[in-house]
Amino acid sequence: MNQRLSGIAASNGIAIAKAFRLENPELIVKKTSISNSNAELKRFESALDQSKSELEKIKAQTAQQMNDEEAAIFSAHLLVLSDPELLGPITEKIKLENVNAEFALQETANMFIGLFESMDNDYMKERAADIRDVTKRVLAHLLGVSIQNPSMITDEVIIIAEDLTPSDTVQLNPQYVKGFITDIGGRTSHSAILARTLEIPAVVGAKTVMSSIQNGMIVIVDGLEGDIIVNPDQKTIASYEDKKARYEQQKSEWAKLKNEPTITSDGYHVELGANIGTPKDVAGVLEHGGEAIGLYRTEFLYMGRNQFPAEDEQVEAYASVLKQMNGKPTVVRTLDIGGDKELSYLKLPKEMNPFLGFRAIRLCLEMEEMFRTQLRALLRASIHGNLKIMFPMIATIEEFRQAKTLFLDEKAKLEKKNIAISKTIEVGIMVEIPSTAVMADIFAKEVDFFSIGTNDLIQYTMAADRMNERVSYLYQPFNPAILRLVKIVIDAAHKEGKWVGMCGEMAGDEIAIPILLGLGLDEFSMSASSILKARSQILKLSKKEMERHTETILSMSTSQEVETYVKKISVTE
Amino acid sequence: MIEKQYNITSAEGIHARPAAVLVGALAPYKSEITLEWNDKKVNLKSILGVMSLGVSSGASITISANGEDEEHAMAKVAEIMETQGIGN
């Protein structure tokens, strides 16, 4: 009873339900000779028909629950199952070579899988996975093995899996799937992001759930803490039912704050924004009461394809975000690629220290044409809303000046052609390199705003690779060194009448929020799903009160001291 | 047999979505329909064939149809090329 496991908290909420193991059955294909090829062909056709009707159902369900774009993957799967180039050779093998359908299918499919896998292009390589996926479905029918379709679950369950593929995740019906736990994955893996979009509790990276949880066992998944309890006793269930009710009540109370401005108890207004990756994310921002977009990561436009996105395609994406935001501030970050984020069509040599290497603005300034295209697209989209542009990874004032010159140059060219451009575009920078934080007073005279990117600022200040688990103890958002840098930036900006935002994980953290408020941060940008919680916290805080604690906090020696202190004062106030 | 040349203007070439739309729409036709590019010819009714070709933006391709409904098939190709913004 009460076996406890833990993993990474990936999506908020608590669920208690029966475990449902989502397994990939092993399909073993043997080559056999058949005597009646017509009967074998019939068997193959019937497996095809069953697979197609399953895919039609999954497709319809995906279109209904998600959107047409996610459903399109299943249209492609259906086309593969009626592809003459695939079916022809299979039929021929069965008829002429008298082999069983399983073998004929696998051999033919493997030929195509090999063909796509050998292509020098990530997109094509992924198509091999699609062929494997559909082939598996037909094979399972031929072998009489049942293949699990998460979309066919009609009982309240918690999914237990090694990992969830994108096509598994899109099939999860939140009506029945109350939560999921996977052995691998992290907070930013596809399945974790999707869980947050669907708002179902999830714990990922739990390592041993597949080996310790059987079908039908009662499981509690606590997506707030990353805890899993297997076979809980009545008392534990009751206490989690209680926690769940409290969380849900809190959530509905937060929901009331959706259209409220974010004003502290002493009447000071701050702006709560969201970080997004694609135009599709805007709906969630508005739903969670976002007052702005503090970071639109444009890299997703450039990823998962063969070549740079065309200018018109970019205009369309930027304009879509701006229109949906309907005049609310929208900060777009120019391309931040390189380092750990690669583009297959941009053949960059491997580097010893990618985080310290050729990336972001460094790369954009060298690949000027690509950068100019993005700036033109942003300028052309600007009339649709309240656009602000920021450059990532600025280390020196020259880099900013160079980027700004290119921006002004493209602007002048478009104006000459009488193309309509917003007159109020602000141009700012990300502050994520300590040199820039230290020199903030110099930058503040030339930029329109700062946005502090804490994930990188912490990594660079502490000289600790955030991908390296052995030095993860150095990832300390509350280390006074970081807080002092943040103060330098905010003070310098305010002196010149400029505003400062923050767009790292820290901006949505309940310990960081009171400190940042005291330091005078103007805009907090976080995951959309954190906004209402942050708003509810800020409404209860007094800015003047927090300002009085600032000096004490900044003179502390360790991250731990700061954390303990803030916890204490936020409880008593 | 009818043959026609197209210039591919879609930024993504004939890859994911455009390929699926083309192939899906041509399935009902009886004619043999092919796509030729870079000296390689594939069956335009085969999603795997079309995708394996990886036609990129700016390519000049030849599409031909041969069979009883070849005219209708070619008209359909032209319609999809235009409405989906694939090429002209």
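Start by selecting A:D409 and A:K413: these two sit four residues apart in helix α15 (residues 397–416) of chain A, so about one helical turn separates them. The model on screen is a predicted one. Show the two side chains as sticks; A:D409 and A:K413 meet in a salt bridge, at 3.9 Å from N to O. With a cut-off of 4 Å for a salt bridge, that pair is counted. Colour by accessibility and both residues come out as partly exposed, A:D409 with a relative accessible area of 30% and A:K413 with 42%.

**The network around α15**

Keep A:D409 and A:K413 selected and add A:E311, A:D312, A:E368, A:R372, A:R376, A:R380 and A:E410; salt bridges with shared partners join these residues and the first two into one network.

Within that selection, go to A:E368 and A:R372. Their salt bridge has its closest N and O atoms 2.8 Å apart. Both residues belong to helix α14 (residues 368–381) of chain A, where a spacing of four residues again amounts to about one turn of the helix. Is A:R372 buried or exposed? A:R372 counts as buried because its relative accessibility is 11%, under the 20% limit. Its partner A:E368 is partly exposed, at a relative accessible area of 33%.

**Another pair in a helix**

Move to helix α9 (residues 234–255) of chain A and pick A:D242 and A:R246, which lie four residues apart in it, about one turn. They form a salt bridge whose closest N and O atoms are 3.2 Å apart. A:D242 is partly exposed, with a relative accessible area of 44%. Over all chains, the count of salt bridges comes to 34.

**A buried lysine**

Next, select A:K93 in helix α3 (residues 84–97) of chain A. Its relative accessible area is 18%, so A:K93 is classed as buried. Which side chain does the side chain of A:K93 meet in a polar contact? That partner is A:E107, at 3.3 Å. To see the surroundings, show A:N98, A:V99, A:A104, A:E107 and A:T108, the residues in contact with A:K93 once neighbours within four places in sequence are set aside.

**The nonpolar cores**

Hide the charged residues and turn to the nonpolar interior. In soluble globular proteins, nonpolar side chains tend to be buried together. The largest nonpolar core here has 102 residues, and the members touching the most others are A:Y296, A:I361, A:F371, A:F391, A:F450 and A:F524. Select helix α19 (residues 480–495) of chain A as well: with eight residues, α19 gives the most to this core.

Centre on A:I361. Without its neighbours within four places in sequence, A:I361 is in contact with A:F371, A:F391, A:P392, A:M393, A:I394, A:E399 and A:A403. Then select A:L78, A:L86, A:V134 and A:L142, which are among the members of a second, separate core of 67 residues.

**Chain A as a whole**

Zoom out and switch to a cartoon of chain A. How many helices and strands does chain A have? There are 23 helices and 16 strands. Of its 573 residues, 52% count as buried. Among contacts in chain A with a separation of 6 or more, 68% are between residues 24 or more positions apart.

**Where chain B meets chain A**

Last, show chain B and select whatever touches across the boundary: 17 residues of chain B are in contact with 18 residues of chain A. The two chains bury about 1,400 Å² between them, 71% of it on carbon and sulfur atoms. Which three residues supply the most of the area that chain B buries against chain A? Select B:A11, B:L48 and B:M51; together they account for 40% of it, more than any other three residues.

For the polar side of this interface, there are four residue pairs in polar contact, both residues at pLDDT 80 or more, and zero salt bridges. On the side of chain B that touches chain A, helices α1 (16–26) and α2 (47–53) of chain B each supply at least two residues. Helix α2(B) gives the most, with five residues. Coloured by residue class, that side of chain B shows seven nonpolar, eight polar and two charged residues.

Technical notes:
Residues are numbered from 1 along each chain as its sequence is written. Chains are lettered from A and ligands numbered from 1 in the order in which they are written. This is a predicted model: local features need pLDDT of at least 70, side-chain atom pairs count only at pLDDT 80 or more; totals for chains, interfaces and linings use all residues. Side-chain values use heavy atoms; hydrogens and water are left out. Contact means heavy atoms within 4.5 Å. Buried area is the accessible area (1.4 Å probe) that two parts lose on being put together, summed over both. A polar contact is a pair of N or O atoms within 3.5 Å; within protein, one must be able to donate a hydrogen and the other to accept it, and residues adjacent in sequence count only if both atoms are side-chain atoms. Ala, Val, Leu, Ile, Met, Phe, Trp, Tyr, Cys and Pro count as nonpolar, Asp, Glu, Lys and Arg as charged, and the others, Gly among them, as polar. A nonpolar core is a set of buried Ala, Val, Leu, Ile, Met, Phe, Trp, Tyr and Cys residues joined through side-chain atoms within 4.5 Å. Buried means under 20% relative accessible area, exposed over 50%, partly exposed in between (1.4 Å probe, protein chains only).
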